[in-house]
Amino acid sequence: MLRAGIVGLPNVGKSTLFNAITKSAALAANYPFATIDPNVGVVTLKDQRLDVLATMYKSGRIVPTTVEFIDIAGLVKGASKGEGLGNQFLSHIRDVDTICQVVRLFKDDNIIHVEGSVDPLRDIDIIQLELNIADYDTVMKRIPKIEKKAKTAGNPEEKEEFEVLSKIKQSLEDNVPIRLMDLSDNEKAIIKSYNFLSAKAMIYIANVSESEIRTIESNPVYQRLVEKGQQESADVVYISAQIESELAQLDDEEKEMFMAELGLHEAGLDQLIRTTYHRLGLETYFTAGPMEARAWTFRKGMTAPQCAGIIHSDFERGFIRAETVAYDDLIKHGSYLAAKEAGRVRQEGKDYLVKDGDVMLFKFNV
Ligand code: GDP
């Protein structure tokens, strides 16, 4: 499963947000998975299409898909030099696919800001620098080991690796994280196994005051954060960790009432989950029948047999074909049968690239 790691400076609201995540995870009905690791929160992705399918197929139960968040506490200035939990912390980031960085926008004189004032762009720079330094150290350790070979004829692999690492070294010296470098697919493949920290996709989570949440989009500090996000194609979402931790304890009906009171359309947490899902390159296909309606997560670009393999490896091994209808077509025609009569149900083979919203029925040999 792909994972997102929550990081941020101390006192920005990470634990408050993570508690909201784990509380809402505990409430998620029908989820056949109990986390034992207190640093992992598995949350369900809200998807109305699944509810519509369940009604259409009179499904006995609904199984939504999920996203996994990891709480990575302990990042302080100097982590790359061993301050705080230091390297231990950095190695936890290595294991995640996307970094969700909580930045503090809320003002509260009772809660100390480690840097003395509320300034999200400065906080982002502090964390980015730690990630860059950690990668720089990795590169500087590796380069001397391969340099000699790379410069001797007949070692194309070392030569290629040396060239990419030299490029990265320069970029990090210019304070540009790897994720913002213009690397070819081949170069990316060469460095994949390093799991560089600054190469990971980034989502900025602005933690804003309860009293400011409705007007936050016109707040100049928030606007600068959004601009930064646009410049580096990072997503920016805002939440009030405090509101989320209250929302997480309510059932759906109470939640809606509380949100209406606050003038919110969508819980920040749901928006964060959705953004993370897309940032991870994930999409959803469905299976539906009288027993259950279920959402399955796949990585964009996966073929029909690979998607079948998510349900069970036997489905992939014995894959014959997939009977597929796009969700929108199914809804337009009102039933599977009507969609079939209209020629909207397709028979797809092993090269078919599954699309978000496909309703799938796999045919396979056992
Ligand atoms: P962490 O160190 O980043 O994990 O931060 P915590 O989640 O422990 O939060 C630090 C303090 O800030 C706690 O006392 C929280 O109650 C408080 N806090 C977190 N989010 C908010 C918020 O949105 N508004 C206000 N006023 N306080 C918050």
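Here is a walk through the structure above, starting with its sheet and moving out to the helices and one loop residue. Keep in mind that this is a predicted model.

Start with the open sheet, which has 6 strands in the order β2-β4-β1-β5-β6-β7 and mixed pairing. As background, strands of a sheet pair through backbone hydrogen bonds, either parallel or antiparallel. The edges here are β2 (40-44) and β7 (235-239), each of which pairs on one side only. Going from one strand to the next, the twist averages 25°. If you'd like one pairing to look at, take strand β1 (residues 3-7) and strand β4 (residues 66-71): they run parallel and are joined by 4 bridges. Alanine 4 sits opposite phenylalanine 69 of β4.

Now for the helices that go with the sheet. Helix α7 (residues 220-231) packs on it, touching β6 (201-207) and β7, and its direction makes about 150° with that of β7. Helix α10 (residues 268-279) lies across β1, β2, β4, β5 (98-104), β6 and β7, and runs at about 165° to β7.

Between β6 and α7 there's a loop, and serine 209 is in it. Is this serine buried, or partly exposed? Serine 209 counts as partly exposed because it has 16 C-beta neighbours inside 10 Å, whereas a buried residue would need 20 or more. Leaving aside residues up to four places away in sequence, serine 209 touches Phe106, Lys107 and Ser240. Isoleucine 62, on the other hand, is 35 Å from serine 209, C-alpha to C-alpha, with their positions 147 residues apart in sequence.

Next, have a look at a helix pair. The axes of helix α4 (residues 120-150) and helix α5 (residues 156-173) come within 9 Å and cross at roughly 145°. That crossing is left-handed. Among the residues making the contact are Tyr136, Val139, Arg142 and Ile143 of α4, along with Phe162, Leu165, Ile168 and Lys169 of α5. The residues of this contact divide into 9 nonpolar, 1 polar and 8 charged.

Further along the chain comes helix α9 (residues 252-262), which is hardly covered: of its 11 residues, the count that are buried is 0. Just after α9, glycine 263 takes a positive phi of about 75°.

That leaves one annotated stretch. An unreviewed UniProt entry places the feature "domain: TGS" at residues 281-364. In the model, this span is 31% helix and 39% strand, and its end C-alpha atoms lie 27 Å apart.

Conventions:
Residues numbered from 1 in each chain as written. Predicted model: local features only at pLDDT ≥ 70, side-chain atom pairs only at ≥ 80, totals over all residues. Buried ≥ 20, exposed ≤ 12 C-beta atoms within 10 Å, placed from the backbone. Helix = DSSP H or I, 4+ residues; strand = E, 2+ residues; numbered from the N terminus. UniProt positions renumbered as here; feature names shortened; annotations may be inferred. Axes fitted to C-alpha atoms, helices over the stretch in contact; angles between N-to-C directions. Left-handed = near helix turned anticlockwise from the far one by under 90°. Contact = placed C-beta atoms within 7 Å. Nonpolar A, V, L, I, M, F, W, Y, C, P; charged D, E, K, R; others polar. Pairing = 2+ DSSP bridges.
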